[in-house]
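These are my notebook entries on one structure. I set down what I looked up, topic by topic.

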Amino acid sequence: MDYFELAKQKFEALRTKKDVLVLSVESSCDETAVALVKNGREVLANIVSSQIDIHKLFGGVVPEVASRNHIKNITGVLNEALAESGKTLQDVDAVAVTYGAGLVGALLVGVNFAKTLAYALKVPLIAVSHVHGHIGANYISHKDLEPPFLCLMVSGGHTALVQVKDFCDFHVLGSTADDSVGECFDKVARVLGLSYPGGPNIEKLARTGKNNVKFNYSCPLGGSLDFSFSGLKTAVVNFVHTKEQKNEEFSKADVANSFQELAIDELATKTALALKKTGAKKLVIAGGVGANGRLRERLALDCEKLGGKMYAPDLKFCTDNAAMIGSIAFYYIRAGKGLADLTLTAVPTVRIDG
Ligand code: KG4
Ligand code: ZN
């Protein structure tokens, strides 16, 4: 029987099999990651090889450099993950891989690696959306969490409010009209001379500053569930450039703090509006910016005021990793979704509700 016919049969059987072990691969940006996850919730191994130190030298991710390093690292990361899990390749029921969104060259390394593994092991190949993976991170950290809930998706590429009606049923209520909030953090960090990745460094610097800088900015799109961050980004960049041109002193920590408060306020205001509109009592945070302590603090407080509860992944599952891909892949399998054949390729963008 040819590979895909066999994979289809095995995929059908996995929809009801008691225990499902997924080997997952993630290479969408600058982390090479492999995980082994049982039944979507139990992480047996989660190995992440970060290229941050390499890309720091360039002030951001260089796509070609990322792809080459994924190739160098991926076999070692797989072997480490297998060793940590105590499992062998023969124990694996399915191979899951991020096929988008992300850097196409980087994604292709993971996609081809996963295809090869799935073919050699004669198990189904599951094509996973990176953004769904970020939501899946929460199922690992909160064992009892189940949809329906409202999700605030704040990754480097996406800023959106998503109604998660079921494990694989996503409805976008609002998204960004221009930049993502992560891009905005990264750009502001750059203009303040902070190293890549910008988000965590802004958060760190903001702790020593005050919320006392007035930028030439007013929040657009009031009342709607869509976001806009390019105006805020430009206002902060202009503020810093003007100060530098005039040789006027200013506190970078105060700029970081004031910017962060505005960005978080924009996210929190729209999130509260969506909670009220939908009546949702559970708010789930997903994506790298969700690692921000101030954002978590503010949203947890807002949720409490509205009689709801906030959920966020443990920090190690918040930024890119493969365990989150293995988690959501389990729910794809249960829903009969995501089975891919060997023509699977990488895509730079994906629809959250696709
Ligand atoms: O979800 P993610 O790891 O990758 C994508 O899927 O894009 O998100 C990366 C983004 C970057 O913009 C990074 O600066 C931001 O998440 N980030 C943070 C923090 N940690 C990571 N932003 C604000 N505060 C943080 N602590
Ligand atoms: Zn991500």
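Entry 1, strands 2 and 3. I began with Val-37, which stands opposite Val-43 in strand 3. I note at the outset that the model is a predicted one. Strand 2 and strand 3 pair in the antiparallel sense, and I find 8 bridges between them. The two strands form a hairpin with 3 residues in between. In that turn I recorded a positive phi of about 50 degrees for Asn-39.

Entry 2, strands 1 and 2. I then turned to the other neighbour of strand 2. Strand 1 (residues 21–26) runs antiparallel to strand 2 (residues 31–38), and 6 bridges join them. This pair, too, is a hairpin, with 4 residues between the strands. I looked up two partners: Val-22 is bridged to Val-37 in strand 2, and Leu-23 has Leu-36 as its partner there. I also checked how covered strand 2 is: 7 of its 8 residues are buried.

Entry 3, the sheet. I traced the order of the strands in the open sheet as 3-2-1-4-5-11, 6 strands with mixed pairing. Its edges are strand 3 (42–50) and strand 11 (339–340), each of which pairs on one side only.

Entry 4, helices on the sheet. Helix 4 (residues 104–121) lies across strand 1, strand 4 (94–100) and strand 5 (125–129), and I recorded about 160 degrees between helix 4 and strand 4. Helix 5 also packs on the sheet, where it touches strand 1, strand 3, strand 4 and strand 5. The direction of helix 5 makes about 95 degrees with that of strand 5.

Entry 5, Ile-333. I located Ile-333 in helix 12. Is Ile-333 buried or exposed? Its relative accessible area is 0%, so I list Ile-333 as buried. Leaving out residues up to four places away in sequence, I find that Ile-333 touches Phe-11, Leu-14, Arg-15, Val-20, Val-22, Ala-94 and Ile-126. For Ser-67, 266 residues away along the chain, I noted a C-alpha separation of 28 Å from Ile-333.

Entry 6, the zinc site. Which residues coordinate the zinc ion (ligand 2)? I find His-130 (NE2), His-134 (NE2) and Asp-320 (OD), at 2.0 to 2.1 Å. The spacing of these donor residues in sequence is H-x3-H-x185-D. His-130 and Asp-320 link distant parts of the chain, 190 residues apart: His-130 is in helix 5 (residues 130–141), and Asp-320 is in the loop between helix 11 (315–318) and helix 12 (323–334). I classed the site as irregular, with angles of 54 to 164 degrees among its 6 donor atoms. His-130 has 8% relative accessibility and therefore counts as buried. Asp-320, at 17%, is buried as well, because the cut-off for that class is under 20%.

Entry 7, aromatic pairs. My search of the whole structure returned 10 aromatic pairs. In one, the ring centres of Phe-239 and Phe-250 are 6.1 Å apart and the planes stand at 90 degrees, so I classed the pair as edge-to-face. Phe-239 belongs to helix 8 (residues 230–245), whereas Phe-250 sits 11 residues away in the loop between helix 8 and helix 9 (252–278). With 24% relative accessibility, Phe-250 counts as partly exposed. I also found a cluster in which ring pairs link Tyr-139, Phe-149, Phe-167, Phe-330 and Tyr-331.

Notes: Residues are numbered from 1 along each chain as its sequence is written. Chains are lettered from A and ligands numbered from 1 in the order in which they are written. This is a predicted model: local features need pLDDT of at least 70, side-chain atom pairs count only at pLDDT 80 or more; totals for chains, interfaces and linings use all residues. Side-chain values use heavy atoms; hydrogens and water are left out. Donors are N, O and S atoms within 2.8 Å of the metal (3.2 Å for Na, K and Ca); water is not among the atoms, so sites may look incomplete. Four donors count as tetrahedral if all angles lie between 85 and 135 degrees; four count as square planar and six as octahedral if opposite donors are over 155 degrees apart and all others between 65 and 115; anything else is irregular. Buried means under 20% relative accessible area, exposed over 50%, partly exposed in between (1.4 Å probe, protein chains only). Two strands pair if DSSP finds at least two bridges between them. Contact means heavy atoms within 4.5 Å. Axes are lines fitted to C-alpha atoms, for helices over the stretch in contact, and angles run from 0 to 180 degrees between N-to-C directions. Rings of Phe, Tyr and Trp (its six-membered ring) pair if their centres lie within 6.5 Å; planes under 30 degrees apart count as stacked, over 60 as edge-to-face and the rest as tilted.
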